[in-house]
Amino acid sequence: MTPTRSPATSATGPQGCRLWIDGVGCWQLWFADTLTLGGGAAGQPCEADFGIQAALSRRHCQVMRSGEHYQLSTTGPAVIDGQPVTENVFLASAANIRLGNDVQLSWTRPSILSRSAVLRICSPHRPISSIDGVILLADTLLIGSGAGVHITCPRWTQPLVLFRRQDQLFCQPQPELELDGQRIKAPQPLTHGSLISIGELCARLEVVTP
Amino acid sequence: MKFTFPPESRPLDGYTIKRAIHRGGFGEVYYAVSDSGREVALKLLQHNTEVELRGVQQCLNLSHPNLVTIFNVQQDGDGDHWIVMEFVPGDTLDAVIRRYPQGMPLELIRKWVNGVVAGGTYLHQRGIVHRDLKPGNIFSDGETIKIGDIGLSKFITHSRRSAQTQSVGTVYYMAPEVAKGRYGKEVDVYALGVMIYEMLTGSLPFDGESTGEILMKHLSEPPDLTRLPPRLQRVIGRALEKDPTRRFDSLESFGTAFEAALLGRDEPQPVPAANRPIEVTFADMSTDSAGARTSANPPRQKPADSLTGLLPSARGWMFIVAAGVLAASQVHSGSGLEFVIPPVLFAAGGAYLWLLFLQNAPFAGMRDLASRVLSSRDAVRRDSVLPPRERAKRRIVGQYLGAAALTVPLVGLLTLGLIGIAPQTTMERLTGSTELDLAMAAFVVATSTLLSWTILLIPALYRLHYGEEPKRRLPYALGGLGLGVLVSLLAEYLMIHTPAARGVFERIGDHPLSGTSDMPSALGFIVFTTLLLCLRDWRQQTLPVRAKRFSISKVLGTIIVAWLITAIFSFPQSLAVICAALTSITVQLCSPWYERRRRGAL
């Protein structure tokens, strides 16, 4: 996945986008219903959507969204909450996933108001691309300092709500929120390079194409 | 204030900023990617550039797995300096500590400590002191611990103790001698001691509402080692010694001792009270012109609460003498104010005895009782969620609540003493009869206690909700209003009798201020308590940062205000003056107070 400059009017694309957040990190916002996880090396082509620098199969497992639920299917060794997995298994709202010998992932659906889920690496392994985790974006993305958010930003004074309509990402207005330096009064679509600011901190959207 | 450079900026040739990481004391730090794809942290020097540049130059060619590598120092087109550093993607120790509010697992602590000791020892062996070791500067890169921000490091001069006019570093982890501008490698030992304490307990050994308060605690307050596992108390206690010469002389020896204590290779005992770190005052820490410790001024043990602040100032003494002369003249003229003398004299003696009792008796911690209860209740969440200022606020609120609990025995003792010294005079003034009236005594105790509670609880509630003391007197007036109603009901219940009162106003509108048996009416009580709480500036008697803990002039001022109220609005003079005096004494003695001498020195 490489970031590309998209026309300002284009949608964010089915592969989703990256959100660079000041003081927090970079998150992959994944739009497709299926996310493949696998091993790889930095600088090398990676077959998986979420490549991890670890001794894993190139397509080690898949997370699939089906309506309200998520399932994990695996081709390589996987353990969920201490139970070895050999076939499709439904993922609860929170789970610890181990792939291979030592890759630890945390899986959470922090808000009952959103079907979106968060997948991040807990072990010392690093993703191939410079991201801190993947958000499987089903409908809304909640960012803020409180509980029940997908991305925790301790220093943000207000929550940020992004929501998905088809393959387009929108930003919900907030009192202190500025989109590209302008206050917004209604939901606005986000495009490549959109800069969302709340107070002194900002987040930048970067469209990713396969 | 927004960060200077937005994402995708290229202020430095060859690097694209992707996001801001944080803003520190020396400048902004960004996450950037080089044109060849290398992740780096870029630090823009905005303040103290000379200090940091000097430090960075010393560290440019250092290479150790437990140190964040500095790649280069470059200037941008505007002449600003940038430090190009290794980007460490893992958690900071700060984040890990927040994850374990009750304390981190020992094995995890061991991993972090070993990394810091290895990296810090490498620096010390090259004559460099980090000076700003803190959880926010320690990173985990997978299994490797890395010390960052070594740009703040300071080269150890030949004298090892060079004076530094500028204080750098973070106050929570700052060794006491830093206040004197001394930066030996013992400051890093001390900082690591604080960090281990925080890792073990989830909270800081020295916390406070202000920088001055925290520094004061570093200088004078012994850490509470009882919260640590017994086998680690001695080691951490030694690392947190106020006197740098009594600490471990290197990070390596500290790390070895910590490891041994952790694994039970020796048998250290819990630190007995007598061996707790000795408090050192500023005077104790005085150094000679060469920077060496003055041997004639050794550390000495001091009580937890100093008597400083009890003795009136020269102006206070003048005020007392003037008040005494005035009172004597009133006695001579028989104006009716002579009854002021016994309570004032008793107040002065009682106040000193009470403070001596508080400082030396096992009840010394009673005032902090509520604070401790609040602390333990919040232990799970407070350090992970609440910022230090919030924690300090809660502690002060707890101290106010503890003070309210203390008022009951104190008011009881003072009243008992007053009646014991001059039973007939006191009772005659209060009831018009020389016979002992227990109902009146109980009423005086209850009224003074309720007045004290109101005066102590108003700032506590304000602190809790607004984070500061009330700035206006309206809350006190409202408190007095409600209190008046309560006290009038109590007076009616106890059926107290008072002598007839004469004031300029004996009624307000159609409502008399006196009721049956010459007892004040409900309106009389309401007027008195409201005016007493409103007209007197009670904040000056309860603020933790007031000039002195106890001021007899403030008691006299309160008595005069009460007397003036009764002179204008009919209310039993003796009752008013005695309750006002008891309240003033009680709130001053019970409310939290931080010694001014140390505040001033900071």
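Me: In this predicted model, which residue of E5(A) is the bridge partner of A:Gly38?

Reply: The bridge partner of A:Gly38 in E5(A) is A:Gly51. A bridge of this kind is read as one link between two strands, and the pairing is described by its links and its direction. Here, three bridges connect E4(A) with strand E5 (residues 50–52) of chain A, and the two strands pair in the parallel sense.

Me: Which direction does the pairing of E4(A) with strand E6 of chain A take, parallel or antiparallel?

Reply: E4(A) and strand E6 (residues 61–66) run antiparallel and are joined by four bridges. Among the residues concerned, A:Leu37 has A:Cys61 as its bridge partner in E6(A).

Me: How many residues of strand E4 of chain A are buried?

Reply: In a regular strand, side chains alternate between the two faces of the sheet. Strand E4 (residues 34–39) of chain A is mostly covered, with five of its six residues buried.

Me: How should one read the interface, and how many residues of each chain are in contact?

Reply: One may begin with the residues that touch, then consider the area. In this model, 16 residues of chain B are in contact with 19 residues of chain A. The area buried between the two chains is about 1,400 Å², and carbon and sulfur atoms give 52% of that area. B:Lys2, B:Pro7 and B:Arg19 supply 33% of the area that chain B buries against chain A, more than any other three residues.

Me: How many salt bridges does the rule find across the interface of chain B and chain A?

Reply: The rule finds three salt bridges there. One of them links B:Glu8 with A:Arg204, whose closest N and O atoms are 3.3 Å apart. On the side of chain B that touches chain A, strand E1 (residues 15–23) of chain B gives the largest share, five residues. By class, that side has eight nonpolar, one polar and seven charged residues.

Conventions. Residues numbered from 1 in each chain as written. Chains lettered and ligands numbered in written order. Predicted model: local features only at pLDDT ≥ 70, side-chain atom pairs only at ≥ 80, totals over all residues. Heavy atoms only, no water. Contact = heavy atoms within 4.5 Å. Buried area = accessible area lost by both parts, 1.4 Å probe. Salt bridge = Lys/Arg side-chain N within 4 Å of Asp/Glu carboxyl O. Nonpolar A, V, L, I, M, F, W, Y, C, P; charged D, E, K, R; others polar. Buried < 20%, exposed > 50% of the residue type's maximum accessible area, 1.4 Å probe, protein only. Pairing = 2+ DSSP bridges.
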